[in-house]
Amino acid sequence: MPPNRTIRNYRLFALTLGLALPFMACAAGTAGYRFPREPGTTPGGYPLPLSGKPITKTPVISTEGAAVKEYPEHYIPGQESLADNEMRITACGSWGPAPLRIGQGASCLLVELGNGDVFIFDVGGGTVGNLFALGVHPARLDKVFITHLHLDHVGGIFPLFDAMGWARNTPLHVWGPSGYTPELGIAAFTQNVREASEWHIQSKQSILARGGMTIVPHEVDISKFSPERPRQLAYDENGVKIYAFPVIHSLAGAMGYRLEWNGRTLVYTADSQPSTFEAEQGKGADVFIHEIFPSAEEFAYYNHMPIQAAEGVMVEHTTPAELGRVFGLAKPRLGVGMHFTLDDKLIDPLFERWRTTYNGPVLLMQDLTTINVTSDYIVVRQTKADLLAWPAIPPKPPEGVDMSPGQPSKAQRPSWLTETRLQQAP
Ligand SMILES: [Zn+2]
Ligand SMILES: [Zn+2]
């Protein structure tokens with residue numbers, strides 16, 4: 001087994017140890033597939049987080065008169081193919097702005113299209129285990145669109161980058177903002193990630209293929225945004241257009257994305273203050289995914305910080321009532337809140353506040369919520385993932401990719417040390 005084939009996702013590891021083992025004794029016939037918590041609902045009738053149902057009261061939205069395909073109760077990776085006109089969006093992480101907890105990775109979406117294309121939006125800490133559990137070969141998880149460089153949106157880059165020798169021997173492509181100055185942009189970030197991996201790469205380059213350990217940045221020049229040019233085309237291939245647009249969040253350079261393909265539209269605005277501008281960018285979306293925040297008092301409590309600090313954080317984000325106003329302007333078929341601290345007690349208050357300004361269909365994202373989208377309907381379910389899933393079996397490279405190793409590093413260990421190694425048993 002190659003040395004990097006270790007369990008690298010600590011959340012998955014903890015779930016496996018803490019939750020999977022007790023269940024295994026009583027879950028005959030479903031070995032490996034389970035949800036962390038028992039089914040249940042809040043007093044207001046919303047499914048409890050991590051209990052196997054999506055947190056919404058409208059899991060099926062259909063166009064008038066249209067037939068809705070009957071899906072299995074849960075999405076099980078590898079057991080469903082997409083129709084030619086279908087989009088599937090899965091949350092690999094749903095938390096922020098804190099980095100990671102066992103039940104919630106930070107921000108990350110996997111978007112799969114009926115034409116076979118696959119895209120990742122943000123790759124926060126603790127999300128790559130979920131990504132790898134979704135049945136997509138890691139060699140195809142090579143297009144990442146970063147909204148901004150807060151670590152809850154990019155903290156998972158290392159395990160995604162580390163495809164060395166077993167999955168991807170082609171570059172990882174990363175789109176993102178150019179930054180106010182070069183060191184604040186995506187090119188500097190990806191270069192730093194590559195350079196920080198030098199010891200890792202040299203240690204394996206004579207044993208494993210190293211071609212995958214490169215990152216190609218694709219910068220969106222933020223200086224070119226203006227009222228006359230509110231969005232820029234960042235990606236245009238195979239019938240897929242992905243536009244970037246600026247949002248109001250922290251420093252210059254935070255962006256949202258608008259993916260258009262085959263009549264379907266996904267808009268993803270990660271962290272941002274609510275604005276008429278982003279509502280404009282979200283118009284016509286099938287699914288509009290936007291951050292949503294608890295109150296400053298709740299945020300202070302859950303993050304152990306003074307209320308003044310929590311209020312300072314809140315300024316950069318969006319309350320449920322404000323998000324309702326944004327959705328009221330954009331009018332998506334499904335409005336989604338994400339980046340929320342999931343807790344049983346916060347669910348009902350969140351929806352009560354959200355409903356003061358918006359009555360359309362809404363969903364609160366949790367990890368592994370899956371949304372199937374066609375022109376006729378939108379269906380939301382939870383993914384039933386194998387906690388011990390190994391990425392896309394068998395892991396083989398795409399055709400034509402050279403997976404041969406390179407030359408040894410010069411950084412060899414001194415002989416006086418290696419000569420002390422215990423002799424191997426006969
Ligand atoms: Zn964030
Ligand atoms: Zn942020």
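## Isoleucine 102 and its surroundings

Isoleucine 102 is placed in the loop between strand S2 (87-93) and S3. In this predicted model, isoleucine 102 has a relative accessible area of 46% and is therefore partly exposed, since the partly exposed class lies between 20% and 50%. Isoleucine 102 and glycine 126 are separated by 24 residues in sequence, and their C-alpha atoms are 8.4 Å apart in space.

## Strand S4 and its partners

The loop that holds isoleucine 102 ends at S3, and strand S3 (residues 108-113) is in turn joined to S4 by 5 bridges, the two strands running antiparallel. Within this pairing, glutamate 112 stands opposite valine 118 of S4. The hairpin of S3 and S4 has 4 residues between the strands, and glycine 116 takes a positive phi near 95° in that hairpin.

S4 also pairs with S5, here in the parallel sense and over 2 bridges. Phenylalanine 121 stands opposite phenylalanine 145 in S5. Strand S4 (residues 118-123) is mostly covered, with 6 of its 6 residues buried.

## The site of the zinc ion (ligand 2)

Which residues coordinate the zinc ion (ligand 2)? The donors are His148 (NE2), His150 (ND1), His249 (NE2) and Asp271 (OD), at 2.1 to 2.2 Å. The angles among the 4 donor atoms run from 94 to 159°, and the site is irregular. Along the sequence, the donor residues of the zinc ion (ligand 2) show the spacing H-x1-H-x98-H-x21-D. Histidine 148 lies in the loop between strand S5 (143-145) and H3, and histidine 249 in the loop between strand S9 (240-246) and strand S10 (255-261), so the pair ties together parts that are 101 residues apart in sequence.

Are histidine 148 and histidine 249 buried or exposed? The threshold for a buried residue is a relative accessible area under 20%. Histidine 148 counts as buried because its relative accessibility is 6%, and histidine 249 counts as buried because its relative accessibility is 3%.

## The site of the zinc ion (ligand 1)

The zinc ion (ligand 1) has as its protein donors Asp152 (OD), His153 (NE2), Asp271 (OD) and His339 (NE2), which lie 2.0 to 2.1 Å from the ion. Why is the arrangement around the zinc ion (ligand 1) irregular? The 4 donor atoms subtend angles of 90 to 158°, which makes the arrangement irregular; a tetrahedral assignment would need all angles to lie between 85 and 135 degrees.

The spacing of the donors of the zinc ion (ligand 1) along the chain is D-H-x117-D-x67-H. Histidine 153 in helix H3 (residues 151-154) and aspartate 271 in the loop between strand S11 (264-269) and helix H7 (276-281) form a pair that links distant parts of the chain, 118 residues apart. Histidine 153 and aspartate 271 are both buried. Aspartate 271 also connects the two sites: this residue coordinates both the zinc ion (ligand 1) and the zinc ion (ligand 2), which are 3.5 Å apart.

## Strand S16 and its partners

Strand S16 (residues 377-382) is mostly covered, since 6 of its 6 residues are buried. In a regular strand, side chains alternate between the two faces of the sheet. Both faces of S16 are covered: Tyr377, Val379 and Arg381 are buried on one side, and Ile378, Val380 and Gln382 are buried on the other.

Two strands are found paired with S16. Strand S1 (residues 60-62) pairs with S16 in the antiparallel sense over 3 bridges, and isoleucine 61 has isoleucine 378 as its bridge partner in S16. Strand S15 (residues 369-373) also runs antiparallel to S16, joined by 5 bridges. Threonine 369 stands opposite glutamine 382 in S16. The connection from S15 to S16 is a hairpin of 3 residues.

## Cavities

How many cavities of 30 Å³ or more does the structure hold? There are 2 such cavities, and the second largest cavity contains about 30 Å³ of space. The lining of the second largest cavity consists of Tyr46, Thr56, Lys57, Thr58, Phe351, Arg355 and Val362. By residue class, this lining of the second largest cavity divides into 3 nonpolar, 2 polar and 2 charged residues.

Key: Residues are numbered from 1 along each chain as its sequence is written. Chains are lettered from A and ligands numbered from 1 in the order in which they are written. This is a predicted model: local features need pLDDT of at least 70, side-chain atom pairs count only at pLDDT 80 or more; totals for chains, interfaces and linings use all residues. Side-chain values use heavy atoms; hydrogens and water are left out. Buried means under 20% relative accessible area, exposed over 50%, partly exposed in between (1.4 Å probe, protein chains only). Two strands pair if DSSP finds at least two bridges between them. Donors are N, O and S atoms within 2.8 Å of the metal (3.2 Å for Na, K and Ca); water is not among the atoms, so sites may look incomplete. Four donors count as tetrahedral if all angles lie between 85 and 135 degrees; four count as square planar and six as octahedral if opposite donors are over 155 degrees apart and all others between 65 and 115; anything else is irregular. On a 1 Å grid over the protein atoms alone, a cavity is a set of points where a 1.4 Å probe fits but cannot get out, and a pocket is an open set with protein on both sides within 12 Å along at least five of seven lines; lining residues have an atom within 4 Å of a point. Grid points are joined across faces, edges and corners, and a volume is the space filled by probe spheres set on the points. Ala, Val, Leu, Ile, Met, Phe, Trp, Tyr, Cys and Pro count as nonpolar, Asp, Glu, Lys and Arg as charged, and the others, Gly among them, as polar.
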